[in-house]
Structure formats: C-alpha cells, structure tokens
Amino acid sequence: MPVKLADYFVSLDTYEKKADANFISHAHADHMSGLRSSRPCLASDATMQIVEAKKGKSYKRAELPKNAKMLSAGHMLGSRQLFIDSEHYGARILYSGDYQMQSSPVAEPIETIETDILILDSTYPYPNIEFEEKEMVISAMQSYLREKLTRGPILFTAFATSKAQEIIRICNDAGIVPLASGEVCRISDIYRKNGVDLEYAAAEGHELSSRNVIISESRNAGIIRNELAKRHSRVFTATASGFARFMRFNTDVQFTLSDHADFKQAISYIERTSPRAIYTCGPSSETFARNLKAFGKNAYSIGSRSKVNELILYNTERQ
Ligand SMILES: [Zn+2]
C-alpha cells in the first residue's frame, strides 16, 4: 500500500497500483520506476525538468498538502526527502530517498528535520565502508588532471546525471573546460538553467586534441576512446564513483567520489533526525538494519518501499 498524505495516497520512488500520485525523490533511474503518464508526480521542479528531458514527455504534477514538506536531500540537483506530519498515522514520517551529508558543489545542501519514523535508503550498509572527505578526493582528481593533460587526452566515464556535472565543476575549478558527450550536455544544460555554474563544450563535432578532458556516460565511452586512440598514442582513462571504494573499474584510475551517505554519515543523519523507529529499504536493507542495531539504533528492514504503509500503521498502533 502507498503512504497516505492528507487526502491522497502517494508511492515512494516506486510504482504502486493503489497510489494516486508518485513521489519522485530525484531523477536517477532507480527512483523513477513509479512514473506513469496518467499519474501526477510529487517532486521538485528541477527533478521534473531532468525526468522530462530523459523521458522525452511531460508529466502532471501533484499538489503538496499542508501537512507535508519536501526537504533538500543533498544528493543531486533537485533531490528531496519527503516529510509528512500525519494525523492518519499519528506520527511524523520522513522518507530519505538517496541523500548525502557532505556538501556538493552541484547539489543543494541537505536539510534535516526531527521525525518519529524514518524510512531510510540502504546504499552503503557496512560500517567499514567510509568515504574520504570530498575535498581530498577532489584535490587528487585535480592533480591527476593537471599532470596527465600535458601528455594526452583524458576520458572520464561517469553517470550522465549528477556525477558528470560534479566532474565538470571539478575540472572548472582546476581551470579546465571539459568536452561533454551529448547526454552529459543535455543534463548539464538543465543544471545550468537552475543556477549551477558549469562551463563545458559539446564533444560532438569538436576536434579532439591531446589537451582535452572528455566526459561521457559509459554507454558511449568506448566509441570516444576508439576515436581518441586513432589520433593519440596515449589516451588516459578515469572514472569517479562511490563504488570505486570496493569495485574495480576498467580504467587507468578510479576516484571514490560519492554522492551518497556512507555508514558514518547515516549515523549522523539519524542523530539529526532523531527517529524512534527506522525502517531501512533497498536491496541491502537487512544488512543495514542489522548493523544499525549493533550501533544501538531501533532499525528494522522492510526491503521494499511499498511495505511502508502497513509498517507505519503497525508501529503507531502499538505506541
Ligand atoms: Zn540517486
């Protein structure tokens, strides 16, 4: 069952038959599965601009009732948490979506609010997965860019939505204007329209020289790499992702640049929102709930976000 707002039911980043509207926390594909042309969306304007650019069509908007708020999640442009002060449940409910506590040059900083029930995303469930301070990662990336750019072009592979924009900004802060694939340009144009200061040029139709940084999503990176290799004896390849902390990518170097909270950030988020119960969701929800319990938090795994309604009712009826 979807979650009841004041006068309608909303699903959380997922499709549910009985929902009247879908809350879309942000414009990453794994949070957009609830999209249907017939169903209104509850999301920030920036999220809807990116969603509509990706899907090539427009969607109806739902109105946010007075007992609900959308708060910045710090994850990417337009990302939001959903807060409901609910008479129906007799509790305040906060759904995190993807979030990060570290500040990002291409996302609004996270806002936090006290709640009774927290529905928490489980991307990094292990206490031993700890991200470095973002400034350190950025500084390592900029040193790499400055050093290698004198010797050949650098191809950066990254998610076209949010990570690519962060890399553009990191390049700009190092005095470099990168070239971007068509898809990266399309999303970056929306960031620019929403006031994010980014400087880049389209790679397509551009003479690719040895002094270029090119940013592309992985789907088209192979083609660009082959083009570069025809003209340059050395092409440097790099990627940036939170998963670089424990996965090996097929590039010369990989930087652990995450737009998610690690376990330590999750604890700090929980402390700032001070819920009496936490429901973890997502594929790693069981591990996350177990590890949060070990840190003294009252956490339960729900796996699917569609189980939220029943669990909140169960929890609040037992108070
Ligand atoms: Zn995301």
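Here are a few friendly notes on this predicted model, going from the whole chain down to one residue.

1. Overall make-up. The chain contains eight helices and 16 strands. Its radius of gyration is 21 Å, close to the 20 Å that the globule rule gives for 319 residues, so the chain is as compact as a globular protein of that length. It may help to keep the extents of the C-alpha trace in mind as you rotate the view: about 70 × 45 × 25 Å along the principal axes.

2. Burial and contacts. Of the 319 residues, 47% are buried. Looking at contacts with a separation of 6 or more, you will find that 59% of them link residues 24 or more positions apart in the chain.

3. Two domains. The domain assignment splits the chain into domain 1, made of 3-128 + 260-317, and domain 2, covering 134-255. Their centres, taken over C-alpha atoms, are separated by 30 Å. Each domain brings 13 residues to the contact between them. On the side of domain 1 that touches domain 2, eight residues are nonpolar and five are polar, with no charged residue there.

4. A four-stranded sheet. One open sheet is worth a look: its strands run in the order β1-β2-β3-β4, with mixed pairing. At its edges sit β1 (3-4) and β4 (41-42), each of which pairs on one side only. Strand β3, residues 21-23, pairs with β4 in the parallel sense, and two bridges join them. If you would like a residue to centre on, try Phe23, whose bridge partner in β4 is Leu42.

5. Val137 and its surroundings. Val137 belongs to helix α2, which covers residues 134-148. Is Val137 buried or exposed? Neither label fits: there are 19 other C-beta atoms within 10 Å, and a buried residue needs 20 or more, so Val137 counts as partly exposed. Setting aside neighbours within four places in sequence, Val137 is in contact with Glu132, Phe255, Thr256 and Leu257.

6. A distance to check. Which separation do Val137 and Ser268 show in sequence and in space? They are 131 residues apart along the sequence, and their C-alpha atoms are 21 Å apart. By the domain assignment, Val137 falls within domain 2 (134-255), while Ser268 falls within the 260-317 part of domain 1.

Note on methods
Residues are numbered from 1 along each chain as its sequence is written. This is a predicted model: local features need pLDDT of at least 70, side-chain atom pairs count only at pLDDT 80 or more; totals for chains, interfaces and linings use all residues. The radius of gyration is taken over C-alpha atoms; the globule rule is 2.2 Å times the number of residues to the power 0.38. A residue is buried if 20 or more other C-beta atoms lie within 10 Å of its own, exposed if 12 or fewer, and partly exposed in between; C-beta atoms are placed from the backbone. Two residues are in contact if their C-beta atoms, placed from the backbone, lie within 7 Å. Domain bounds come from an automatic or database domain assignment. Ala, Val, Leu, Ile, Met, Phe, Trp, Tyr, Cys and Pro count as nonpolar, Asp, Glu, Lys and Arg as charged, and the others, Gly among them, as polar. Two strands pair if DSSP finds at least two bridges between them.
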